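User: Please take a close look at one part of this model for me. I would like to know about the second largest pocket and what surrounds it.

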Amino acid sequence: MEFIGLEIPFLYLLLLVPLIGAVLSGFTHKNRKMAKYVAIISSGITLALSLMYIYALSSGDYFDSTSFAWIDTEWIKISFALGVDGMSILMVLLTTLLVFLVSIFSGSESNSPNTFFGLILAMEVGLLGVFLAQDYFLFYIFWEVALVPMYFLISGWGGPRRHYAAIKFFIYTHVASLIMLIGIFAMAMMAAGGGPWVVGGGAVDFSFAAIRDAMENDMFDKVFQTAIFGMMFLGFAVKMPVVPFHTWLPDAHVEAPTAGSVLLAGVMLKMGTYGIIRICLEMLPDGAHAWQPVMIVIALVAILYGAYACIAQKDLKKMVAFSSISHMGLVLLGIATLSELGITFAIFQMFAHGLITAVLFMVCGIAGHNAGTREIPLLGGLAGKMPKFAFFMMFGFMASLGLPGLAGFVAEFGIIMAFFEYLAGTAYLWVIVFALASLMLTAGYYLWAMQRTIFGKETDRIDIKHVHDVSKPETLALGVLCALIALFGIMPWLVVDMLGPTVDMICHFLGVI
């Protein structure tokens with residue numbers, strides 16, 4: 001990619017810089033300051049590269065790719081193929097931004113900081129690889145790579161039940177990944193005419209391009225697409241997660257360190273919805289139409305269940321975890337409309353939720369660390385002692401419940417409009433009541449939690465005299481996130497325009513434009 005007249009290998013550098021940073025972190029010999037600086041510098045460079053790349057792509061159609069043959073035999077072809085379009089570069093930006101801010105936010109980490117920051121940077125490599133991969137085999141490798149650092153973050157730096165939560169997280173997501181892998185092999189084999197082991201078959205090529213060509217040439221019939229869509233959707237749905245595959249998420253969030261929770265909810269959950277859009281819709285359009293009613297039902301159940309479960313939570317962090325299930329259900333609802341409007345704002349919601357949930361989990365971490373507890377009934381009257389904390393909590397809650405003028409409102413409004421258009425003219429228009437009810441439930445549990453936590457009566461369960469407010473690094477990280485949430489709420493076209501070409505292509509494959 002050319003930038004100000006120079007040819008810069010952005011796609012390789014996006015993976016190489018955090019990888020080097022992860023390795024260097026291992027040689028800091030538990031020096032907290034050195035490990036922190038390595039993480040901040042390497043993640044900062046990666047963020048700068050992603051911003052430069054967006055600028056370089058903005059004059060075109062937001063697409064670029066590069067590849068070289070990795071395994072090339074008469075039986076199998078696997079390429080180290082990387083590429084970006086409007087959707088993937090947005091996810092790359094979200095990933096690099098959150099890793100950079102998490103590195104700043106977690107600067108006081110004293111428990112093996114070299115390993116801690118090394119795992120965060122290694123996770124960044126895996127996450128970026130998922131969003132950049134243009135080969136299914138490579139996609140799967142990066143998918144698995146992203147899981148391992150998160151497992152060790154939860155297990156090594158989590159709460160009292162961290163080992164249980166880490167194992168549950170890994171088993172759920174890994175088993176779902178294996179089912180997804182079977183679907184990947186099935187698509188590649190079908191695209192190769194059965195492979196070299198069948199008369200007339202060719203080498204099994206795992207590249208996105210080869211499998212997309214097979215789909216466009218009608219090599220995937222409707223029965224095949226419907227079956228494989230179900231397998232791929234299951235793998236991605238567990239990762240999101242949606243009901244009933246959600247039970248690993250509250251445990252993982254509650255036990256994970258703050259940095260782990262931010263990256264898990266802010267980026268890792270988006271791997272699931274990204275996969276549904278990138279693979280299930282783009283490569284299996286007939287399967288998408290066949291599974292559309294099922295996706296809508298699952299989305300509505302996730303939206304309502306997640307919001308209803310939040311009301312019963314006493315732990316701030318667990319409440320935010322269940323809210324993620326509800327908001328990711330909204331993303332799935334937008335996707336399930338199979339419309340240009342719905343898919344556009346589903347991606348917008350992925351980005352907005354990543355920013356908002358990062359604020360929420362940072363606030364939960366500060367409450368647990370500075371006030372000594374995250375239990376809502378034990379907190380109260382914190383606004384007077386922790387005014388900055390109170391502001392960031394209010395801002396995060398308001399953004400998540402969809403306050404107009406913030407990014408969450410734009411995303412949710414677009415999804416509800418797309419669902420209304422889908423139902424309009426049918427006998428099922430009343431179903432939209434379920435989606436609207438979730439918005440009221442969301443406002444209810446956030447306002448109730450906020451009233452009891454920062455505006456309620458001071459309790460004698462915490463030492464209110466010795467609590468301290470948000471630190472300067474934490475203020476910086478939270479301030480940047482809040483500013484971006486407001487920016488994209490006021491100027492949503494900055495994201496929507498970027499997504500246009502990608503969504504048009506997907507809708508073309510779906511046959512809806």
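Analyst: Start with the wall of the second largest pocket in this predicted model. On the α2 and α3 stretches of the chain, the lining includes Leu-47, Leu-51, Ile-54, Leu-90, Leu-93 and Leu-97. Further along the sequence come Phe-351, Leu-484, Phe-488, Leu-494, Val-495 and Met-498. Which elements give two or more residues to this lining? They are α2 (32-57), α3, α18 and α19 (493-510).

Now look at the classes. The lining of this second pocket has 12 nonpolar residues, no polar ones and no charged ones. The volume of the second largest pocket is about 220 Å³.

Set the largest pocket beside it. The space there comes to about 750 Å³. Its lining counts 35 residues. Nearest the centre of the largest pocket lie Ser-108, Glu-109, Thr-258, Gly-365 and His-369.

The classes in the largest pocket are mixed. Its lining divides into 12 nonpolar, 16 polar and 7 charged residues.

Helices contribute here too. At least two lining residues of the largest pocket come from each of α3 (86-105), α9 (248-255), α10 (258-283), α13 (340-371) and α18 (472-490). The largest share, 6 residues, is supplied by α13.

Two names turn up in both element lists. α3 and α18 each give two or more residues to the second largest pocket, and each supplies at least two to the largest pocket.

Definitions and conventions. Residues are numbered from 1 along each chain as its sequence is written. This is a predicted model: local features need pLDDT of at least 70, side-chain atom pairs count only at pLDDT 80 or more; totals for chains, interfaces and linings use all residues. Side-chain values use heavy atoms; hydrogens and water are left out. On a 1 Å grid over the protein atoms alone, a cavity is a set of points where a 1.4 Å probe fits but cannot get out, and a pocket is an open set with protein on both sides within 12 Å along at least five of seven lines; lining residues have an atom within 4 Å of a point. Grid points are joined across faces, edges and corners, and a volume is the space filled by probe spheres set on the points. Helices (H or I, at least four residues) and strands (E, at least two) are DSSP runs, numbered from the N terminus. Ala, Val, Leu, Ile, Met, Phe, Trp, Tyr, Cys and Pro count as nonpolar, Asp, Glu, Lys and Arg as charged, and the others, Gly among them, as polar.
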